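Reader: Could you walk me through how to read a structure like this one? I'm happier at the bench than in front of a viewer.

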Amino acid sequence: MGTALLYDEEMTKYKLLWVDPACKIEVPERLTVSYEALVRSGLSDRCISVPAREASDSEILLVHSEAYLEAVKKTPYMTLEDLKEFTLQFGDVYFHPNIYHCAKLASGSALQLVDSVMTGKVRNGIALVRPPGHHSMHGAANGFCVFNNVAIAARYAKQKYGVKRVLIVDWDIHHGQGVQYCFEDDPSVLYFSWHRYEHQNFWPNLRESDYDSVGKESGTGFNVNVPWNKVGMENSDYLSVFCHVLLPVAYEFCPDLVLVCAGFDSAIGDPEGEMCATPDIFAHLTHLLMNLAGGKLCAVLEGGYNLTSLAQSVCQTVQTLLGDPLPQLANLRGPCKSAIESLQCARSAHRRYWSFLKHAADPPMTDISTKHIKSTMEEEEKREMAEEERCTEGKVWPEPPERLCPPVCSGSVLPDDVACPDGLKRLSSSKDLEPLLVSKLKNRSRTAAVDGDGVTTFSRLYTLIEKLVANEIRNGLVLVPDVTAAMCVVQDLTSDLVKRVLVVCVGKEKELDYVTTDGKVLVVQISSEDNEEQRSKYYIPVCLKKGCSDTSGFIQAVFGLLLPLGYEYNPDLVLLVRMPGSGVVDSMWQQLIGLLQGFAKGHTLVLMQVNEKASMGSTASALLGHPAPPLQELQTPFPEDGDALERLRERLQADWKMLQTTS
Ligand SMILES: NCCCNCCCCCC(=O)CS
Ligand SMILES: [Zn+2]
């Protein structure tokens with residue numbers, strides 16, 4: 001299924017008609033540069049174009065008051081003076097004779113997007129709209145917004161399609177207070193927002209934008225705010241908050257639909273945000289949400305005022321919605337001190353509402369009193385100031401790397417008597433291996449264990465790996481008689497082909513005899529084994545008391561540990577090994593494959609044992625990019641697992657900065 005693109009140039013036909021410094025950045029060109037970038041890059045042709053439409057009165061009244069709607073209805077007939085007068089009653093917004101029409105088109109576009117996704121016409125999509133929506137409220141326009149496009153879409157989806165749970169992710173750099181007010185007492189809509197806050201010194205300067213606004217009444221726990229108290233936040237900070245706050249909660253919430261308030265003023269170069277995250281981060285933020293709700297994701301444009309980073313960020317988002325490989329994010333150095341504090345505050349504010357956050361630490365000691373710590377803070381502040389200079393001063397960033405789609409998506413190496421799953425390309429032809437390599441394999445005591453001479457399988461495997469590395473194939477599935485033997489051989493085969501291999505080992509096995517210390521391989525093993533004594537920087541055993549069949553514990557290990565590690569390690573190949581008898585649940589297995597595609601440009605090699613070929617179909621489906629089925633009823637992870645994971649993270653965070661969640 002495809003990706004919907006909604007754009008109508010009519011929404012470019014309004015602008016600021018008088019002098020107002022606060023509003024001058026909200027210009028029609030925001031839409032034209034975004035759309036033109038999609039056209040120029042060929043991305044628009046790959047999308048399914050869906051026409052915009054005007055939202056009806058009743059649709060607008062799902063969120064707004066009749067009085068407000070009636071007032072806005074009068075604006076097309078107002079003189080310039082009347083418009084100025086009318087605008088004064090609201091904050092940081094302007095009106096124009098054509099803005100009512102455009103606001104109806106913006107909301108209507110979001111509804112068209114919901115229709116397209118909910119009726120299965122498309123899998124996901126994006127609506128390029130203006131005016132934005134997330135600041136507008138029941139009875140008021142605000143922050144360039146007239147109607148709350150995403151809030152209306154959420155109510156519409158529930159009313160028309162009986163959607164039970166809607167997740168709204170607001171990655172715009174401003175707090176969508178309009179959305180928060182709309183759903184703060186509603187447990188069927190989980191609103192997540194991060195936003196520049198600077199301890200309430202940044203617009204819209206609201207006390208209720210802080211992390212302790214968790215919702216109210218029956219909506220308590222369903223409002224998650226992550227305030228950024230400094231500018232200059234980078235990719236690491238954004239990914240840390242996704243891994244350690246949003247995703248655990250989102251997976252536990254298990255939404256039927258994901259709406260994104262896709263504002264790109266959180267990107268580098270934006271005058272409002274003054275952050276340093278690069279446009280390619282939106283490829284990953286989008287990807288991390290795409291396995292929720294069976295892939296039903298609707299992104300609606302909010303802010304974004306640097307026309308260069310806006311256009312790039314929109315392209316990165318659309319390319320991911322289309323299923324293209326993700327760009328590798330280099331040198332992620334872990335969240336900065338301020339981000340860790342925000343993250344820790346948000347986690348501790350919500351630990352009583354979300355079982356995945358149950359083991360979150362206490363909030364940081366904000367009233368830091370002793371001199372010594374204060375001076376450290378000052379040093380830290382100085383360093384971060386320097387940081388900001390470098391980043392906002394320059395306002396230059398590299399063009400996001402090209403994300404080429406390999407000609408073949410998924411290759412397979414299978415025993416001759418095993419049928420190849422639909423969609424996979426079987427590798428049969430295999431050039432002879434170099435004699436040197438053959439002897440290396442031969443002297444590996446266990447190669448022969450794999451099959452007859454073993455060399456046939458491994459020459460095909462070698463070919464597959466070469467094609468992955470050459471980006472001729474994106475990912476692959478390998479079925480062998482003995483995965484343990486095969487793991488070692490893959491290690492030999494890859495050692496001179498790739499710099500870094502992330503090995504994700506699901507389930508326990510006899511012994512893992514090739515744990516390297518040179519950093520060329522990072523092994524994360526999730527099993528019921530407690531191999532604590534073997535742990536090292538590059539071999540990380542995660543023990544789940546009830547083993548991999550405990551999906552709650554598994555998903556917690558994935559978000560709390562595996563993903564942050566993977567981002568920091570930045571592998572060139574991911575080897576996912578499914579040990580026989582791991583007990584991993586199929587939907588979890590597919591979610592894992594989907595999430596791991598975010599690394600190494602999607603070069604994932606799945607190694608399974610022949611006697612597990614029953615899972616080949618679901619494995620192939622995930623490798624081909626089909627969204628994983630939602631995880632069913634996740635119950636609370638076992639306390640000992642939650643504690644063990646926190647302890648493991650504390651011990652590892654000296655080596656792995658992306659694991660930090662406490663200051
Ligand atoms: N009143 C002092 C100046 C504050 N500037 C206000 C800017 C509003 C931004 C709204 C926005 O970007 C929507 S995504
Ligand atoms: Zn914004």
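Author: We'll go through the ligand site, the metal, the salt bridges and a few backbone features in turn. This is a predicted model, in which local features need pLDDT of at least 70 and side-chain atom pairs count only at pLDDT 80 or more, while totals for chains, interfaces and linings use all residues. Residues are numbered from 1 along each chain as its sequence is written, chains are lettered from A and ligands numbered from 1 in the order in which they are written, and side-chain values use heavy atoms, with hydrogens and water left out.

Reader: Let's start with the ligand. Which residues surround ligand 1?

Author: The general idea is that a residue is near a molecule if one of its heavy atoms lies within 4 Å of it. Here the ring of neighbours around ligand 1 is Asp92, His134, His135, Gly143, Phe144, Asp172, His174, Trp203, Asp265, Glu272, Gly303 and Tyr305. By type, that shell has 3 nonpolar, 5 polar and 4 charged residues. For that split, Ala, Val, Leu, Ile, Met, Phe, Trp, Tyr, Cys and Pro count as nonpolar, Asp, Glu, Lys and Arg as charged, and the others, Gly among them, as polar.

Reader: And which side chain has an N or O atom 2.8 Å from an oxygen atom of ligand 1?

Author: A polar contact is a pair of N or O atoms within 3.5 Å; within protein, one must be able to donate a hydrogen and the other to accept it, and residues adjacent in sequence count only if both atoms are side-chain atoms. The side chain you're after belongs to Tyr305, at 2.8 Å from a ligand oxygen. His174 has a polar side-chain atom 3.2 Å from an oxygen atom of ligand 1, and Asp92 has one 3.2 Å from a nitrogen atom of ligand 1. Taken alone, ligand 1 exposes 440 Å², and the protein buries 77% of that. Such areas come from the Shrake-Rupley method with a 1.4 Å probe; for residues, only the protein chains shown count as cover.

Reader: What are the protein donors of the zinc ion?

Author: Donors are N, O and S atoms within 2.8 Å of the metal (3.2 Å for Na, K and Ca); water is not among the atoms, so sites may look incomplete. For the zinc ion (ligand 2), Asp172 gives two OD donors, His174 gives ND1 and Asp265 gives OD, lying 2.0 to 2.7 Å from it. The spacing of the donor residues in sequence is D-x1-H-x90-D. Asp172 and Asp265 link distant parts of the chain, 93 residues apart: Asp172 sits in the loop between β4 (166–170) and α8 (177–183), and Asp265 in the loop between β7 (257–262) and α10 (281–289). Helices (H or I, at least four residues) and strands (E, at least two) are DSSP runs, numbered from the N terminus.

Reader: Are Asp172 and Asp265 buried or exposed?

Author: Buried means under 20% relative accessible area, exposed over 50%, partly exposed in between (1.4 Å probe, protein chains only). Both Asp172 and Asp265 are buried.

Reader: Now salt bridges. How many does the structure hold?

Author: Side chains of opposite charge can pair when their charged atoms come close. The cut-off is a side-chain nitrogen of Lys or Arg within 4 Å of a carboxyl oxygen of Asp or Glu. The structure holds 27 of them. One joins Arg578 and Glu612 at 2.7 Å, N to O. That pair is 34 residues apart, with Arg578 in strand β15 (residues 573–578) and Glu612 in the loop between β16 (604–609) and α20 (616–623). Arg578 and Glu612 are buried.

Reader: What about the bridge between Arg207 and Asp212? Where do those residues stand on accessibility?

Author: Their side chains meet at 2.4 Å, N to O. Arg207 is partly exposed at 43% relative accessibility, and Asp212 is partly exposed at 36%. There's also a network of salt bridges that links Glu9, Glu10 and Lys13.

Reader: Last one, the backbone. Which residues does a cis peptide bond with omega of about 5° join?

Author: Omega tells you how a peptide bond is set. Trp203 and Pro204 are joined by a cis bond with omega about 5°, and Pro204 lies in the loop between β5 (189–196) and β6 (223–228). The bond from Arg130 to Pro131 is cis as well, with omega near 5°. Asn205 has a positive phi of about 55° although it is not a glycine, and Asn205 is in the loop between β5 and β6.
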